[in-house]
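Welcome to a short set of exercises on reading a protein model. Keep the structure open and try each task before you look at its solution.

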Amino acid sequence: MYKNVIVKTPGESYMNGLTTSDLGSPDYEKLLEQHNAYLEALKKCGVSITLLPASEEFPDSTFVEDTAVLTPEFAVISNPGAASRNKEKKEIKSVLNRFYDKFHYIKSPGTLDGGDVLQVDDHFYIGISDRTNEEGARQLKGIVESEGYKGTIVPLQKFFHLKTGISYLGNNVIVTAGEFIDHSDFQQYKKITVAPEEEYSANCIRVNNYVIIPKGYKDTIHQINEAGYETIELEMSEFQKHDGGLSCLSLRF
Ligand code: CIR
């Protein structure tokens, strides 16, 4: 069960943030509405919310997930791989001081985005991507192993972040898309397989008694409901325009 989440209001500078998509410019009013709906969904899941104010100097900082990796026992402050985002970690460290005594750090030349890290019970899967380099992945593997967890490094082929294409719902069930569907590292799990035209829905989050999933992905939501999970659907269009998904918008612990 998660008790806490950290989220951050998107600033007007979000429009100038990083993206690889060709889905058009985000609409700021809609973006705020979608962010508010995200907060409401989290409230329904029963977590306590720490909402950080927008910071205009960091356009992508609403995607707080990339700045840390959290477990019940310790926090790892990441070293975000995009230069314009790297200093976002400072604010997150100061907020996490309220919740954690024990910190580890990913250090340069290692880089790591939290979006490249999937925890499946006591096992961390760590993607190597354009943002997370081999050295950063190796450092995180060393940290989690020193704390009694397992670590597996997964070089990515196409996905932006590891969690762009895979989620864990608990009970040994994962949601997989694209290159992860037949990936040898994930063979031991029960799988919900996302159709190619629904790929964006592979990034969903289990928060206590609900799975939060992007709106409009009928086949994926049907499979998740059939597997016995209650779902909350959220419109995510304005975040998708900047390569963001549901997991990216919060740190959950
Ligand atoms: C970026 O390029 O960093 C943001 N526009 C999107 C970050 C998405 N984060 C995530 O998947 N964890």
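**Exercise 1.** How many nonpolar, polar and charged residues does the lining of the second largest pocket have?

*Solution.* Please keep in mind throughout that this is a predicted model.
Step 1: find the pocket, which holds about 350 Å³ of space. Among the 18 residues that line it, Phe 159, Phe 160, Thr 164, Tyr 200 and Asp 243 are the closest to its centre.
Step 2: sort the lining by class, which gives 4 nonpolar, 9 polar and 5 charged residues.

**Exercise 2.** Describe the largest pocket: its volume, its lining and the strands that contribute to it.

*Solution.*
Step 1: the volume of the largest pocket is about 900 Å³. Its lining counts 35 residues, and the closest to the centre are Tyr 2, Leu 70, Gln 119, Arg 252 and Phe 253.
Step 2: look for strands. At least two lining residues come from each of S3 (68-70), S6 (117-120), S9 (166-168), S12 (205-207) and S15 (251-252).
Step 3: sort the lining by class, and you get 19 nonpolar, 10 polar and 6 charged residues.

**Exercise 3.** Where does the ligand sit?

*Solution.*
Step 1: think about how empty space is found. Rolling a probe the size of a water molecule over the atoms shows where such space is left.
Step 2: count the cavities of 30 Å³ or more; there is 1. The largest cavity has a volume of about 90 Å³.
Step 3: place the ligand, which sits in this largest cavity.
Step 4: name the walls. Residues lining the largest cavity include Leu 18, Asp 60, Asp 66, Arg 85, Arg 131, His 161 and Cys 248. By class, this lining has 4 nonpolar, 3 polar and 5 charged residues.

**Exercise 4.** Which residues come nearest to the ligand, and which have an N or O atom 2.8 Å from one of its nitrogen atoms?

*Solution.*
Step 1: start with the shell of 13 residues around the ligand, where Asp 60, Arg 85, Arg 131, His 161 and Cys 248 come nearest. This shell divides into 4 nonpolar, 3 polar and 6 charged residues.
Step 2: check the side chains. Asp 60 places a polar side-chain atom 2.8 Å from a ligand nitrogen, and a side-chain N or O atom of Asp 66 is 2.8 Å from a nitrogen atom of the ligand.
Step 3: check the backbone too, where an N or O atom of Leu 18 lies 2.8 Å from a ligand nitrogen.
Step 4: see how much of the ligand is covered. On its own it has 350 Å² of accessible area, and the protein covers 98% of that.

**Exercise 5.** What is unusual about the backbone at Pro 109 and Asn 171?

*Solution.*
Step 1: recall the general pattern. Most peptide bonds are trans, and most residues other than glycine have a negative phi.
Step 2: turn to Pro 109, in the loop between strands S5 (103-105) and S6. The peptide bond to Pro 109 from Ser 108 is cis, with omega near 10°.
Step 3: move on to Asn 171, in the loop between S9 and S10 (173-176). Asn 171 is not a glycine, yet its phi is positive, at about 55°.

Note on methods
Residues numbered from 1 in each chain as written. Predicted model: local features only at pLDDT ≥ 70, side-chain atom pairs only at ≥ 80, totals over all residues. Heavy atoms only, no water. Near = heavy atom within 4 Å. Polar contact = N/O pair within 3.5 Å; in protein donor to acceptor, adjacent residues only side chain to side chain. Areas by Shrake-Rupley, 256 points an atom, 1.4 Å probe, with all protein chains shown as cover. 1 Å grid on protein atoms, 1.4 Å probe; cavity = no way out; pocket = protein on both sides within 12 Å on 5 of 7 lines; lining within 4 Å. Sits in = over half its atoms within 2 Å of the grid points. Nonpolar A, V, L, I, M, F, W, Y, C, P; charged D, E, K, R; others polar. Points joined across faces, edges and corners; volume = space filled by probe spheres on them. Helix = DSSP H or I, 4+ residues; strand = E, 2+ residues; numbered from the N terminus.
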